[in-house]
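Me: I have a model open on my screen and would like a close look at one part of it. Could you walk me through how that part is put together?

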Amino acid sequence: MSKSRHPSHPIAGIEPHTLCAEQIDLDAPVLFSPGQVVATPAALALIQEHGASVPELLHRHLTGDWQEMCKSDRDANLAAVLQGEARVFSSFDIAPKGHAGKPIKIWVITEWDRSVTTVLRPEDY
């Protein structure tokens, strides 16, 4: 995915490992480098609207919390992490507990070369 395919911008110029280390105190080890973290403005607005957290979503993505993905997608992510030759893709439902409507999805995608991780809505892709 390139920046020309959808508008995105750096998240406050903060390196993603700093986001995870300083803002989230979880014990899970980070499995791969995210590179530069960018997000679409619409994804940031949706995340804020639903009280979700970009650092938490990034941490889940980087530590292999892919439980919302089907088994074949989880397996593909694990292979991508181990071999370092494919993108890593996560999809998270950020709907608040008790939400009766359809899932509210945010995608987190790290490029195959680990240069960029993008936070976006599916329709931003």
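The part I have in mind is the pairing of S3 and S4: how many bridges join the two strands, and do they run parallel or antiparallel?

Reply: Happy to! Please keep in mind that this is a predicted model. Strands S3 and S4 run antiparallel, and 6 bridges join them. S3 covers residues 88-93, and S4 covers residues 105-110. For one bridge you can find on your screen, take Asp93, whose partner in S4 is Lys105. S3 is largely enclosed by the rest of the structure, because 5 of its 6 residues are buried.

A good place to zoom in is Trp107, which sits in strand S4. Across from it, Ser91 is 16 residues away in sequence, yet the two C-alpha atoms are 4.5 Å apart in space. Their side chains also make a polar contact of 3.5 Å. Beyond its sequence neighbours up to four places away, Trp107 touches Phe89, Ser90, Ser91, Thr118, Val119, Leu120, Pro122 and Tyr125.

Two of those contacts bring in other rings. The structure holds 2 aromatic pairs. In one of them, the ring centres of Phe89 and Trp107 are 4.9 Å apart with the planes at 75°, so this pair is edge-to-face; the cut-off for that label is over 60 degrees. Phe89 in S3 and Trp107 in S4 are 18 residues apart, so to speak a link between distant parts of the chain. Both Phe89 and Trp107 are buried. Trp107 also pairs with Tyr125: here the centres are 5.9 Å apart and the planes at 65°, so this pair is edge-to-face too. Tyr125 lies in the segment after strand S5 (116-120), again 18 residues from Trp107, and this pair likewise links distant parts of the chain. With 39% relative accessibility, Tyr125 counts as partly exposed. Together, Phe89, Trp107 and Tyr125 form one aromatic cluster.

Now step back to S3 and look at Ser90, which lies in that strand. Its relative accessibility is 1%, so Ser90 counts as buried. Its side chain makes polar contacts with two others: one of 2.6 Å to the side chain of His61, and one of 3.2 Å to the side chain of Trp66. Apart from neighbours within four places in sequence, Ser90 is in contact with His61, Trp66, Met69, Ile106, Trp107 and Val108.

Ile106 takes us from the strands into the nonpolar interior. In soluble globular proteins, nonpolar side chains tend to be buried together. Here the largest nonpolar core has 15 residues, and Ile106 is among those with the most contacts inside it, along with Ile47, Leu57, Leu58, Ile94 and Val119. Strand S2 (36-39), helix H2 (41-49), helix H3 (54-62) and S4 each supply at least two residues of this core. A second, separate core of 11 residues includes Trp107, together with Leu62, Val88 and Leu120.

Ile106 has a long list of partners outside its own stretch of four places either way, including Ala43, Leu46, Ile47 and Leu57. The list also holds Ser90, Ser91, Phe92 and Ile94, as well as Val119, Leu120 and Arg121. To sum up your strand pair, Ile106 belongs to the largest core, while Trp107 belongs to the second one and to the aromatic cluster with Phe89 and Tyr125.

Methods. Residues are numbered from 1 along each chain as its sequence is written. This is a predicted model: local features need pLDDT of at least 70, side-chain atom pairs count only at pLDDT 80 or more; totals for chains, interfaces and linings use all residues. Side-chain values use heavy atoms; hydrogens and water are left out. Helices (H or I, at least four residues) and strands (E, at least two) are DSSP runs, numbered from the N terminus. Contact means heavy atoms within 4.5 Å. A polar contact is a pair of N or O atoms within 3.5 Å; within protein, one must be able to donate a hydrogen and the other to accept it, and residues adjacent in sequence count only if both atoms are side-chain atoms. A nonpolar core is a set of buried Ala, Val, Leu, Ile, Met, Phe, Trp, Tyr and Cys residues joined through side-chain atoms within 4.5 Å. Buried means under 20% relative accessible area, exposed over 50%, partly exposed in between (1.4 Å probe, protein chains only). Rings of Phe, Tyr and Trp (its six-membered ring) pair if their centres lie within 6.5 Å; planes under 30 degrees apart count as stacked, over 60 as edge-to-face and the rest as tilted. Two strands pair if DSSP finds at least two bridges between them.
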